[in-house]
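Please read the points below with the coordinates open. They follow the order in which I would check the model.

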Amino acid sequence: SPGEFIAIAEESGLIEGVTRRILVESCNLARDLANSGFPGRISVNASPILFDGTITSLVAESLDKTGCTPDQLEIEITEQVVLSNRIVATQEIEALRRMGVSVALDDFGMGYSSLSYLQRFPVDKVKIDRAFVVEIARSEETRAIVRAIVDLSVALGMSVTAEGAETEDERRWLTECGVEIIQGYVDGTPISEAELRKEFVTGFELLATAKTQGAA
């Protein structure tokens, strides 16, 4: 599982090389999707260990090598980045955002996460952890917390994603709480890069062709 794999990569010193490879592959895919009209970003999870100046240089190197533009990439961080060294973490986050790369706070609500993080750290997106999502359909208290996260995030100029939604009830309650982006099996299961290219790139190429023919 990622929990085991990432820990081993960090402990063995391989995490920098693994992240470099993932960033290059992700930037290549993001560039190709964008060239075909896909409006979204590719998100890459970054280890807290790399927030010592390394992640910024890896991102810059990958963008330069692939020709991917910064607005096509998003870096996801967890509260461990924040807890490890607040000053350095803030500097790294700000450096990524100055480059034009979006930064998302992942797994919000786990561990020591608090609403004060949203005020103190300059991220673009907050991802509500699945621990809240699984309770939202049966707990008014959970719905109140989710509404508070959404309201504060929006007031601070951040978008909100709920992760791990698997049922229509969860989707309905998340929508009623103001969550606009919902991620999880309720909308689709993971697919390979080849399937993604086939489904989206081909689809957008056909759409672009149809629009061109229609205009003609």
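1. In this predicted model, strand β1 (residues 42-45) and strand β2 pair in the parallel sense, over 4 bridges. Within β2, E74 is the bridge partner of S43. Between β1 and β2 the chain passes through helix α3 (residues 54-66), and this β-α-β crossover is right-handed.

2. Strand β2 also pairs with strand β3 (residues 102-108): the two run parallel and are joined by 4 bridges. Here L105 of β3 is the bridge partner of I77.

3. How many residues of strand β2 (residues 73-77) are buried? The count is 5 of the 5, so the strand is largely enclosed by the rest of the structure. In a regular strand the side chains alternate between the two faces of the sheet. In β2, L73, I75 and I77 point one way, while E74 and E76 point the other way, and all are buried. The two glutamates, E74 and E76, are thus worth a look on screen, as both are buried.

4. Another acidic residue to check is E92, in helix α5 (residues 86-99). E92 is buried yet has no salt bridge. Which side chain of opposite charge is nearest to E92? That is R98, 7.7 Å away, whereas a salt bridge requires nitrogen and oxygen within 4 Å. Leaving aside neighbours within four places in sequence, the contacts of E92 are L50, F51, D52, G53, T54, I55 and T56. Of these contacts, T54, I55 and T56 fall in helix α3 (residues 54-66).

5. On cysteines, a search of the whole structure finds 0 disulfides. C27 is in no disulfide, and the nearest cysteine sulfur, that of C68, is 4.2 Å away. Why is there no bond between C68 and C27? Their sulfurs, 4.2 Å apart, are too far from each other for a bond; the cut-off for a disulfide is 2.5 Å. Both cysteines are buried: C27 has a relative accessible area of 0%, and C68 has 5% relative accessibility.

6. Side chains of opposite charge can pair when their charged atoms come close. The whole structure holds 17 salt bridges by the search used here. One of them joins D124 and R97, at 2.9 Å from N to O. This pair links distant parts of the chain, 27 residues apart: D124 sits in the loop between α6 (116-120) and β4 (125-128), and R97 sits in helix α5. D124 is partly exposed, with a relative accessible area of 23%, and R97 is partly exposed too, at 35%.

7. A second salt bridge is formed by the side chains of E163 and K127, with an N to O distance of 3.9 Å. E163 belongs to strand β5 (residues 159-163) and K127 to strand β4, so the pair ties together parts that are 36 residues apart in sequence. Are these two residues buried or exposed? E163 and K127 are both buried. The distance of 3.9 Å should be read against the 4 Å limit for a salt bridge.

8. A third salt bridge, between R171 and E168, has an N to O distance of 3.0 Å. R171 and E168 are 3 residues apart in helix α9 (residues 168-176), and about one helical turn separates them. R171 counts as partly exposed, at 23% relative accessibility. Elsewhere, E16, R20 and E61 are joined into one network by salt bridges that share partners.

9. T161 is also in strand β5. At 2% relative accessibility, T161 is buried. Which residues does T161 contact, apart from neighbours within four places in sequence? They are K125, V126, K127, I128, V179, I181 and Q183. Among them is K127, the salt-bridge partner of E163.

10. Last, L152 is in helix α8 (residues 140-155). L152 is partly exposed, with a relative accessible area of 28%. Not counting residues up to four places away in sequence, L152 touches L115 and L118. G17 lies 135 residues from L152 along the chain, and their C-alpha atoms are separated by 37 Å.

Notes. Residues numbered from 1 in each chain as written. Predicted model: local features only at pLDDT ≥ 70, side-chain atom pairs only at ≥ 80, totals over all residues. Heavy atoms only, no water. Buried < 20%, exposed > 50% of the residue type's maximum accessible area, 1.4 Å probe, protein only. Lys, Arg positive; Asp, Glu negative; His and termini not counted. Contact = heavy atoms within 4.5 Å. Pairing = 2+ DSSP bridges. Right-handed = clockwise from strand over helix to strand, strands pointing away.
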